[in-house]
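Let's take a walk through the charged pairs and surface patches of this one. Have the sequence and the model open side by side.

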Amino acid sequence: VIQTLEITNQVIVILNLIDEAEKKQIEVKADILENILKVPVVKMSARKGIGFQELKDTIEYTRDKTQELFSIQYQKDIEEAIKQIESKIILKDTSLNKRFISIKLLDPKTRNQFYKHLDNADIVQKFLNIEINRLEEKGIYSRFEEEIVSTIEVKAKAISKQAMTYHESSYQEKELFFDRILTNKYIGTLCMLVLLSIIFWITISGANIPSAYLASLSEYLQTYLRTLFLSWNMNAGVISFVVDGIVRTCGWVISVMLPPMAIFFPLFTLLEDFGYLPRIAFHLDGFFHKAQTCGKQALTMCMGFGCNAVGVSGARIIDSPRERLIAIITNTFVPCNGRFPILISIITMFFSGMFMQPADSLIQTLMLTGIIVFSVCLTLFISYLLSKTILRGVTSSFTLELPPYRKPQITKVIIRSIFDRTLFVLGRAISVAIPAGAIIWLLANIQMQDVTLLSIISSYLDPFAKLMGLDGVILLAFLLGFPANEIVVPIMIMGYMSSGYMMDITDLTALRDLFINNGWTWVTAICTLLFSLVHFPCATTL
């Protein structure tokens with residue numbers, strides 16, 4: 001605020017979260033602040049809609065009012081230098097503040113940016129050099145910026161002391177108690193892993209019932225449309241193209257993507273609203289700093305577990321273009337909710353029954369956790385590799401604010417996460433799934449010498465796929481699953497069964513037998529897990 005007031009006096013200071021201050025028995029005396037800063041001060045609680053009318057009235061009042069300019073007194077020699085430069089300046093734009101321009105001309109980091117505002121730059125430069133030499137002789141100029149900042153800090157503390165009263169001095173004790181636990185190097189990291197694991201478990205388990213309901217709804221819609229088109233005497237090929245190709249693919253994308261996103265995004269946003277996400281960034285900041293990237297990438301990586309597209313769009317919080325690009329590129333290594341069904345199905349099919357219960361379930365859970373940990377390690381490794389090679393640069397630092405813990409606004413969070421994130425991403429996915437469903441159907445139904453294009457392409461890809469421990473059908477399924485990862489397994493089933501449309505086998509034992517009969521081994525399963533983890537992003541993310 002003080003730095004802004006040095007530039008202009010057309011300022012209104014807004015004290016937001018005044019309701020939180022009152023809860024903590026912190027009294028902010030707006031009238032004292034107004035007298036000191038010489039500008040209007042408005043108390044607000046934006047979340048509760050308090051103070052908006054007062055702010056509007058103050059804007060109207062301030063717009064045409066000439067206010068006294070607030071100024072801060074720096075160290076004696078610096079003040080003398082500022083006044084000397086100020087007296088010599090002739091500005092091109094008279095509305096600018098001469099004192100502010102003088103301070104910036106004396107600052108070696110900003111000097112060159114402010115010459116353009118002068119009408120007599122040559123004359124000012126001569127006097128500027130004299131004042132700089134004088135400050136250098138007194139040993140002040142080398143710490144010019146430090147002197148300015150420390151003076152402002154001292155002034156800010158003095159103002160706060162005058163304008164604020166803490167009626168309950170231990171108001172921070174509760175938050176400090178939680179932070180001692182949640183930001184502890186060991187206990188905090190364990191809490192973070194447990195909390196994220198619970199969110200993933202709720203997302204995966206909770207999505208099963210609505211996913212099954214949406215799948216049955218999709219089946220009902222397909223049956224209804226097929227009956228309707230038949231009553232119109234529509235061509236059987238056209239009916240299959242629309243129903244089995246386009247509608248079935250869209251139904252799959254909606255039934256698999258919507259429930260996990262509708263659960264994960266609100267839970268993630270609740271953590272954000274509660275104030276816990278910055279604590280996660282606090283824990284992971286050190287790892288990303290060692291990888292020569294920004295600690296904020298920890299947050300975009302966590303978003304990627306819900307949807308890589310959201311993780312990529314969330315990278316806007318990273319200021320450095322270089323580090324933002326690294327975060328975007330590496331986000332695809334994080335398994336999204338579209339890839340979790342593939343990972344869970346393969347682990348269950350090929351690695352269950354190896355031990356007695358409950359050890360068997362524990363081993364499967366540990367395998368899935370191991371894959372997630374591997375994806376995080378891979379993200380860090382590739383981030384480091386990029387920052388040392390084609391995206392070389394200086395690691396940026398950022399101020400990590402640990403906000404106070406606040407009671408989340410559950411209704412607003414759910415509405416915001418569903419409309420701003422879930423439906424937006426789902427809409428993008430469906431727009432890609434429609435043409436994809438059409439292409440997949442055409443490949444599965446157009447034949448050359450009694451062999452479908454799907455079989456021809458998979459046979460062509462087979463030698464190359466074998467080098468990666470896969471086969472042509474698996475590789476083609478991932479290529480055709482480019483619109484959405486959810487349709488990879490149904491395409492595999494379609495390829496192995498030589499059917500003209502995508503099928504879903506809910507019985508994992510039957511699915512395992514189908515895969516084994518087509519040459520799958522535990523090595524194929526591991527290679528498919530790894531390929532699912534590191535392959536190209538889906539169309540929505542791209």
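Is Asp 244 buried or exposed? Asp 244 is buried, at a relative accessible area of 6% (buried means under 20%, exposed over 50%, partly exposed in between, with a 1.4 Å probe and protein chains only). Bear in mind that this is a predicted model, where local features need pLDDT of at least 70, side-chain atom pairs count only at pLDDT 80 or more, and totals for chains, interfaces and linings use all residues. Residues are numbered from 1 along each chain as its sequence is written, and side-chain values use heavy atoms, leaving out hydrogens and water.

The structure holds 17 salt bridges (a side-chain nitrogen of Lys or Arg within 4 Å of a carboxyl oxygen of Asp or Glu). Here are some of them:

| Acid | Base | N to O distance |
|---|---|---|
| Glu 20 | Lys 24 | 3.6 Å |
| Glu 145 | Lys 109 | 3.1 Å |
| Asp 244 | Arg 226 | 2.8 Å |

Asp 244 sits in helix H12 (residues 236-274) and Arg 226 in helix H11 (residues 187-231), so their salt bridge ties together parts 18 residues apart in sequence. Helices here are DSSP runs (H or I, at least four residues), numbered from the N terminus. Arg 226 is partly exposed, at 28%. Glu 20, Lys 23, Lys 24 and Arg 47 are joined into one network by salt bridges that share partners. Within that network, Glu 20 is buried at 9% relative accessibility, and Lys 24 is buried at 18%.

As for Glu 145 and Lys 109, Glu 145 is partly exposed at 39%, while Lys 109 is exposed at 60%.

Conventions. Helix = DSSP H or I, 4+ residues; strand = E, 2+ residues; numbered from the N terminus.
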